Amino acid sequence: MGTWSSRGLRGSTLEDLINHTNERYREGGLALIQKIPTPITPIEIDKEKRHITLAYFDQKSTVDYIGVVQGIAVCFDAKECHEDTFPLQNVHAHQVSFMETFEKQGGIAFLVIYYTHRDAVYYLPFARMKEFWDRKETGGRKSFRLEEIDQAYRIPLKNGVFVHYLEGVQRDLAGRNR
């Protein structure tokens, strides 16, 4: 694989890099993770060019990604944030509900958050995100600060994998087995 010629994730979307990471994980036999398409309802279709020209997003989707890592079911959502404060309005109640149910079934749910202004990516375990969510639901802050995330969950660029979130999964599992 070629070298990364610029700093961080600039010039590419977070989802593109996660998709690339997922392909590397699949090729290496580490995981099989699929992007869940966002459900849309087409309004106008250009039959000549064979593409949708106008559509709206259906109300409820689950999460961005779902799959299995070495026999463990995982699901996660990818989010970008442009400042140190992450607004919880970027996470929807039906996503929290889905992730909570997913974890009750023995899976692992989490967020991958890219702080664009810091060029830093973090793994946020569902349990921690749920603490922030519950705080909001009981009248507290409607956001959380980067400093509230355990810095051990920062995702490094490693072995040509741009968003190497499996280390976060491993750390998350280790924390549950204490």
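On a 1 Å grid over the protein atoms alone, a cavity is a set of points where a 1.4 Å probe fits but cannot get out, and its lining residues have an atom within 4 Å of a point. Grid points are joined across faces, edges and corners, and a volume is the space filled by probe spheres set on the points. Rolling a probe the size of a water molecule over the atoms shows where empty space is left.

Before going on, a word on what you're looking at. This is a predicted model, where local features need pLDDT of at least 70, side-chain atom pairs count only at pLDDT 80 or more, and totals for chains, interfaces and linings use all residues. Residues are numbered from 1 along each chain as its sequence is written, and side-chain values use heavy atoms, with hydrogens and water left out.

**The cavity**

Searching the whole structure turns up 1 cavity of 30 Å³ or more, and the volume of the largest cavity is about 30 Å³. Its lining is made of Tyr123, Ala152, Tyr153, Arg154, Ile155, Glu167, Gly168 and Arg171. Strand E10 (154-155) and helix H4 (166-176) are the elements that give two or more residues to this lining, and H4 has the largest share, with 3 residues. Helices (H or I, at least four residues) and strands (E, at least two) are DSSP runs, numbered from the N terminus. Sorted by class, the lining holds 4 nonpolar, 1 polar and 3 charged residues. Here Ala, Val, Leu, Ile, Met, Phe, Trp, Tyr, Cys and Pro count as nonpolar, Asp, Glu, Lys and Arg as charged, and the others, Gly among them, as polar.

**The chain as a whole**

Stepping back, the chain has 4 helices and 10 strands, and along the sequence they run α-β-β-β-β-β-β-α-β-β-α-β-β-α. Of its 178 residues, 39% are buried; that means under 20% relative accessible area, while exposed is over 50% and partly exposed is in between (1.4 Å probe, protein chains only). Among contacts (heavy atoms within 4.5 Å) with a separation of 6 or more, 64% link residues 24 or more positions apart.

**Some residues to look up**

| Residue | Place | Relative accessibility |
|---|---|---|
| Pro37 | loop between E1 (31-35) and E2 (40-46) | 64% |
| Gln70 | loop between E4 (65-69) and E5 (72-81) | 57% |
| Asp119 | loop between E7 (108-115) and E8 (120-125) | 17% |
| Ser143 | strand E9 (143-145) | 11% |

Pro37 counts as exposed because its relative accessibility is 64%. Its C-alpha atom lies 9.8 Å from that of Thr62, and the two residues are 25 apart along the chain.

Gln70 has a phi near 50°, which is a positive value in a residue other than glycine. With 57% relative accessibility, Gln70 is exposed.

Asp119 also sits in a loop and has a positive phi, near 55°, again in a residue other than glycine. At 17%, though, Asp119 is buried. Its side chain joins that of Tyr114 through a polar contact of 2.8 Å. A polar contact is a pair of N or O atoms within 3.5 Å; within protein, one must be able to donate a hydrogen and the other to accept it, and residues adjacent in sequence count only if both atoms are side-chain atoms.

Ser143, in strand E9, is buried because its relative accessibility is 11%. The side chains of Ser143 and Arg141 make a polar contact of 3.0 Å. Leaving aside neighbours within four places in sequence, Ser143 touches Thr85, Phe86, Pro87, Leu88 and Arg135.

Conventions: On a 1 Å grid over the protein atoms alone, a cavity is a set of points where a 1.4 Å probe fits but cannot get out, and a pocket is an open set with protein on both sides within 12 Å along at least five of seven lines; lining residues have an atom within 4 Å of a point.
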